Every structure is written in structure tokens, then in C-alpha cells.
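Ready for some practice at reading a fold? Keep the viewer open and try each task before you look at its solution.

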Amino acid sequence: MTVERDHVAPPRRSDSAAPADIKDVLWKAADKLRGSMDAAEYKHFVLGLVFLKYVSDAFAERRDAIAEELAADGIEGDAAERLLDDPDSYMSEGVFYVPEPARYDQVAARAKTPPGGMTVGEVIDSAMAAIEKRNLELEGVLPKIFNRTEVDQRRLGELIDLIGRIGFRDEAKKARDLLGETYEYFLERFAKAEGKRGGEFYTPASVVKLLVEVLEPQPGERVYDPACGSGGMFVQAEKFIESHGGRAFDISVFGQELNQNTWRLAKMNLAIHGIGANLGSEWGDTFHNDRHPDLRADVVMANPPFNVSDWGGELLGMDPRWKYGVPPIGNANFAWLQHMAAKLSPRGRAGIVLANGSMSSKQSGEGDIRRAMIEADLVSCMIALPPQLFRSTQIPACLWFLARDKGPTRGLADRRGEVLFIDARDMGVMENRTERVLTEEELAEIAGAYRAWRGTSKDLYVDDAGFCYSANLDEIKQNDYILNPGRYVGATVVAEDIEPIADKIFRLTKKLFSDFEESAHLESEVRAQLGRVDV
């Protein structure tokens, strides 16, 4: 059967257009095709097709490279064809093998005239199943949702055309890079479209960058996120490694995610970025079904849900993870902190996003747990974040940084018995009416203060009133083990005004009279112009 479609103009791009322009045009066009479908559901259709385009383009790039190698070696004919279709030739380079009927150009062609009475959705579902069958690590990951009765097959066909028309392989970057950026961009846009629910799978980019810039993951380290969402922490860790001369596969990635659909998003996101990750054989509850019970990680980072009350704490009263005290049944904040502390290697470090209440609460034993963690010298840094960073919640947030070893190992500064406090509440710029972001300069300032304090940079650390302060444990004890940075950093130093008061009055009066004269002149000009207007 033939599926008729409305004309959808392909996104166009001038030679000077930035990749962000392509992604924005693609997003706007895809969003128009959403119709009445809820954003939470629609994202699985769009991101699934972006992934299909990615594996097809990456496969085609690798196939071209193999063909060039064979031609250079003088191999041709049937022998060349067999090698071109050898799955090992692709998988050995981290590229998924895509059977011919599942390649994007084939899917797009079959979607225009589906064979044997198939629908467009059946064509896509069968392609997804074929890819899973040939790549076991993708088994159960790809969405096979395109043939549901509520899916508008005409719009689906238009969406296939739209994504297929973007010239990913014509760009200077590899398909993996551009499609990875597109996938990230779409995740962010869908998170914004979903509002509060979007926070379940997406952490604002500036917050993720700050965590990574402070923790500084290194090649060869094990990185763990027990509430990994769509995998954004891992992607940023990969970018950090690569920006310092490393490669994506220089780190070992471990994660866990409770939501089945979000777990699948993460698997696809990491695959697109070429990050080999162990996210468990399936989704699961980190507290009750830890997929990595024996893991000890060098870097732990997470943005777990704030103040969760129904986490099943009553079933875990004697859990060995609760080394510093049994967390309250009605709030999982200190369960998350202790779970991550338990995962640290002897020199491991962690960064966790939590609600501000975790810094001062004394309810249900939380104050005792916090005191025990401080006295164990586990806390290395506390950062108070500005408001409105998180679209999904208005709860004020902070960053906890833990370190198993704060001593002078590997040339670092000896920070045993100290905690760095950073107050970033006045930072950030409003990106729109409701959302704030930390700028690159601000991220560098915050991370730079921590690096100077810890000794990972050549800069000398100095307390900065109103911004950062290194407190010893006695000072924290005097503050009743409350960790709000505002208690320690003090007020910003205001430059002393040395201008004599009489001179200041004379200067300001003179300026005021000058302003009066300018105002009168402008009023006269306006009246003259209005007098010339015919009514």
C-alpha cells in the first residue's frame, strides 16, 4: 500500500550555519509532526528514529572505510563482499552491525510503499528487531512502538523523511558526533516540554558540567551513577576526558536506572556516543536491587530524586550501607548519600545533587548521620546552587562532594580535617522567564576554586569573602554540623568608598542638574516635532 503524505520541507542549511541551527530546525519540524501526542510519549518515537539513523550512518561510514582498505589490498569480487558483510569487521571498531533491510535508506524507501500490506510502523518495528537480533547488547533496548493503533502513520512517514533528509554524513564531523549532539539536544528539549516529569531523565547541562569539572574523571577510572537517567553524566565525563586528550573508552562506566523507558534512552544515548556502559541487564531499584553490588568506583556522581518518601526504607533497616546511621523512612536523601559513599574506592570521590534541606535538617536522625559523615572526614566540599536551575522542581538545591582520601597523595594538597564551602546562590543568568543557567565563566570560577583548594591546579587557594571559605572541623562543630555555605563564607567585601562626602555631593548635584538640562532639551525637541504633525 502507498502512504500519502503532506509535503514537509526539508531543513535547509547554509554553509555558515552552525550545527545548533540544524538541531533547532530539526526539533521545530519534528515538534510540528507531534500533533496531539504527549511529549513524554513522542520522545521515544523521535529518539528511536534518530538512533536508527545513527547506527545506519555509522555502519555506512565503516563500510566505506572497509571498502577502501580492501581496494588498497587488491581484494575484490565475492571475497570483498563477504568481508564487507562480516559483522566482526564492524563490531571490532565499536560499530553496530545493521542488516540491509534495517538500514535507514532502506527503511525510508519501504515506508513510502510498505510491502505486503505492512504499515509504516511495522516497517520500523521490524528494522528495530533486526538490529537487536544482530547486536545482543541492544536486546530489549530499542523501541518497537511504531505500529500502535493510536500512531498516525502519515505523520510517522513524514518524520522518517525529516530525519533522513538531514545530511549528517555530509558534515565535517562523524555521524556519531552529530547524531550524539542531536540526541542530547532532543533530550533537553523534551525535558523542557515535559516540565516536572522531564527531571526524571534529564539534569540541566550546567549542573552536570559543574559536577564533572569538580570531580575531574581521569583515564582508567571507574565512573558510577546510581540514578543515571538518560546517561548525561557519563556523556559529560566522556567529553571531559576527550577535552584533556583521552578517549571515550578510557573510562569504565557503570549505572542503574529505575524507569524502564529511561533505561532504554540511556542505553541508546551512550551507544550513540560510543560509550561502552554496564547499566545492568535491565532497569531496577538501586536501593533494593543493586545491579553492581561489588563495585567500588573512583568517581560517583548523581542527581537522584529529592526528598523521596516512598523508597522502601522500612525494609532496609540493617543494611550494611548505613555505616553512618539508618536513614529515615520518610526521606531518602541520606540513603542516597550513604549508598554512594559505600561505592567509593579507597581514593574515590563523589558529587551528588540534593535538596538544600540535607545541609541542615535534624529530623529523624538526619543531623546525626550528617555529623557522623563529617567526623569521618568524608565531606570535602559543599556548594550552594542558585535558584531556578531545575525546571522540574522549585526546591533549592546544593551539591555535596565526598572524598574517601583527602590527604596529600599524588601531589595534592593535604585537606584532611577541612571542608570547602562555596556559595554560588547569586550566580547564573536567566535563559528565559523561568530557567537559570550557570555560564561557562561561572563554572570555571567555581571549579577553579575547588581545584586550587585541592591542589589539582597550579593556582594558589585563598578564601574569598562571600564566595568560598575552607573551614576546619572545629568550626563546623561550632555551627552544630550544619553545612550551609552561607554560614561560613561571610559577606562579600565591598570596596571602601574613599571619596570625601562633600566632594561626592558636589559631583552628584552637578550631574543631576546636567540631567535636568538634557531632559528639558529633549522635551523641547519632542514638542517641536509634535507641532509639525498634521492632525
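Below are four exercises on this predicted model, each with a worked solution.

**Exercise 1.** Find out how far the model can be trusted along the chain.

*Solution.* Start with the whole chain: its mean pLDDT is 85, and 87% of its residues reach 70 or more. Next, look at residues 1–19, where the pLDDT is below 50. That stretch does have 35 contacts in the model beyond near neighbours in sequence. Where pLDDT is low, though, predicted coordinates should not be read in detail.

**Exercise 2.** Trace the nine-stranded sheet and identify its edges.

*Solution.* Step one is the strand order, which runs β3-β2-β1-β4-β5-β7-β6-β8-β11 in an open sheet with mixed pairing. Step two is the edges: β3 (277–278) and β11 (468–472) each pair on one side only. Step three zooms in on one pair: β1 (residues 222–225) and β2 (residues 252–255) are parallel and share four bridges. Within this pair, V223 faces V253 of β2.

**Exercise 3.** Work out which strands helices α12 and α14 touch or lie across.

*Solution.* Take α12 (residues 333–342) to begin with: this helix packs on the sheet and touches β1, β4, β5 and β7. Its direction makes about 160° with that of β5 (344–355). Now turn to α14 (residues 440–454), which lies across β6, β8 and β11. Relative to β8 (418–423), helix α14 runs at about 165°.

**Exercise 4.** Inspect side chains on two helices, α2 and α17.

*Solution.* In the whole structure there are 21 salt bridges. One of them joins D57 and K53, with 2.7 Å from N to O. Both residues belong to helix α2 (residues 39–72), and because they are four residues apart there, about one helical turn separates them. On α17 (residues 501–531), locate F516. Together with L512 and F513, F516 makes a nonpolar surface patch of about 320 Å².

Methods:
Residues numbered from 1 in each chain as written. Predicted model: local features only at pLDDT ≥ 70, side-chain atom pairs only at ≥ 80, totals over all residues. Heavy atoms only, no water. Patch = residues over 30% accessible without salt bridge, like charges linked within 9 Å, V, L, I, M, F, W, Y side chains within 5 Å. Areas by Shrake-Rupley, 256 points an atom, 1.4 Å probe, with all protein chains shown as cover. Salt bridge = Lys/Arg side-chain N within 4 Å of Asp/Glu carboxyl O. Pairing = 2+ DSSP bridges. Contact = heavy atoms within 4.5 Å. Axes fitted to C-alpha atoms, helices over the stretch in contact; angles between N-to-C directions. pLDDT = per-residue confidence, 0-100.
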